Amino acid sequence: MKRFLYLTFTLGLLLFWSSCRNDFEFSPSTGQLEFAKDTVYLDTVFNNIGSSTYNLKVYNRSDEDIVIPTIQLERGVSSFYRMNVDGGTGSEGELQGKYFEDVELLANDSLFIFIETTIDISTLPTMDVEFLYTDRILFDGGSNQQDVDLVTLVKDAIFIYPNRDETTNIRETLTFDVDGDGNPDETTLTGRFLEDSELNFTNVKPYVIYGYAGVDTGKTLTIDAGARVHFHADSGILVNNGGSLQVNGELSTDPEALENEVIFEGDRLEPLFEDIPGQWGTIWLFNGSTNNVINYATIKNATIGVLSEGNQDAATDKLSISNSQIYNSSAFGILGRATSIGAENVVINNSGQSSFAGTVGGKYNFTHCTIANYWDNSFRQFPALLLNDFVQVDESSIATNPLVEANFNNCIIYGNDNPEFILDQQGDDFNFKFTNCLLRFDNDNLEGTPNYVFGDMTNYEGNIFNQEPNFEAPFDNLLRIGEDSAANGAANSLFSMQVPFDILGTSRSATPDIGAYESVVFEED
């Protein structure tokens, strides 16, 4: 009985106490909100392409539960921004995402505001290629009003995308002669061939490509110095049989802005995506394409930077690439398949497999190149440099093709794995030579076996093994070498005379350095 009376008394006391509390009474805010930041920068977006979602955290530091009468965009209905307020009551119709009222915020608590934008630059008062678009989020009004700025840089761009069938809603795919039998084949590659009016990419506006932009037989895509080419996911450039690619970048005076280089990268402009590998497909030089030239280009964040196929016996190299950088490829920086490539002053780094792979034989000549691989995003199966002369036909058989030549002169081949070059020979015709290169190879199981007899002057001459290249910051794709580099002054001057300036336009000295860069004295932090 006493226990029953005690429980009854306790329950009554709790009910009385709770009925006297003002838990559900909120006081109006008094302009004392605090914010995680006073400006939300939504980084850079392309015209009519939606941004990522950004957030703003709002704090109530007081000991009282408050209600914020209104949270709204200053530009109102006309604003290109849109919001979602955590726990807020939004308006319907044209004010949706622009205006919220009676937003409750508990004592010593916080809420999130999520912000996005899609901007149509054609409706703005200026038709500049770039425009800084701003607005403000207003909290409350009158003497209690507080605000947070919103800032976005919007870029006008030229968009290239495949057509969509109005009946099936299926996007156009490329049709071309895939197997070389003279008949066009339908492919699953989303994209279309460029019109004649689209075959010159200028530096006036950036280009944004959805799907593969094809360069058809007999056509040449010319890309001017300073052009910027952005690719959506699973997109790229494909140069068909008989087509050609000419990338005409020039030396830049500003090593940060690279104002004269041609830059190929993804279409996500936020800093978070600046160095994310695999954001787009590849620059695909299909079998039969000819006279492909890339000069002063930066190719970054692709799956394969450049894929060159076939034409190993062409009178001139299928691909001539110089003064160019290829970074953050999720698979290969340059992948050659039974092809011919000439490279000078090329820097490749940070590849999920190999930075350069010359496969199924071919013909390759690299002079004053830095082929590095400091990939640290996942396990890496292959070395920085891979050469082989075969293709797997099925589980039990291979087909071989001659490696006509593979010459690496005054090159650095290094990375964070060991060894950093593999020569996988299956056929009888496998010709290669390393001359005055800085190489990473320390493997007792392979050293001394065929293709790894480092004293054989037929294949190895004047090389340096396993000494420090003294890169500036290789994990950040900074591959200049310092004065303490083993590559300093160790190049063969005969090859240096063929490439008298380094990738930055610095004249090679009488005692030139190995790799794409002449050495510098690093500034101390």
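Is Cys437 buried or exposed? Cys437 is buried, with a relative accessible area of 0%. Keep in mind that this is a predicted model. Here is a friendly tour of its cysteines and some of its charged pairs.

**Cysteines**
- The disulfide count for this model is zero.
- A disulfide needs two cysteine sulfur atoms within 2.5 Å, and the sulfur of Cys369 lies 4.7 Å from the closest one, in Cys411, so the gap is too far for a bond.
- Cys437 takes part in no disulfide either, as its nearest cysteine sulfur, again in Cys411, is 4.8 Å away.
- Cys369 is buried too, at 0% relative accessibility.

**A salt bridge between distant parts of the chain**
- Across the whole structure there are 14 salt bridges.
- One of them pairs Lys205 with Asp156, with 2.9 Å between the closest N and O atoms.
- These partners are 49 residues apart: Lys205 sits in the loop between strands E15 (200-201) and E16 (207-209), and Asp156 in the loop between strands E11 (146-155) and E12 (158-160).
- Lys205 is partly exposed at 27% relative accessible area, whereas Asp156 is buried at 8%.

**Other salt bridges to look at**
- Arg192 and Glu198 form a salt bridge, their closest N and O atoms being 2.8 Å apart, and both residues are buried.
- Glu270 and Arg268 also meet through their side chains, at 3.0 Å from N to O.
- In that pair, Glu270 is buried at 8% relative accessibility, while Arg268 is partly exposed at 36%.
- Glu74, Arg136 and Asp147 are joined into one network by salt bridges that share partners.

Terms used
Residues are numbered from 1 along each chain as its sequence is written. This is a predicted model: local features need pLDDT of at least 70, side-chain atom pairs count only at pLDDT 80 or more; totals for chains, interfaces and linings use all residues. Side-chain values use heavy atoms; hydrogens and water are left out. Buried means under 20% relative accessible area, exposed over 50%, partly exposed in between (1.4 Å probe, protein chains only). A salt bridge is a side-chain nitrogen of Lys or Arg within 4 Å of a carboxyl oxygen of Asp or Glu. Helices (H or I, at least four residues) and strands (E, at least two) are DSSP runs, numbered from the N terminus.
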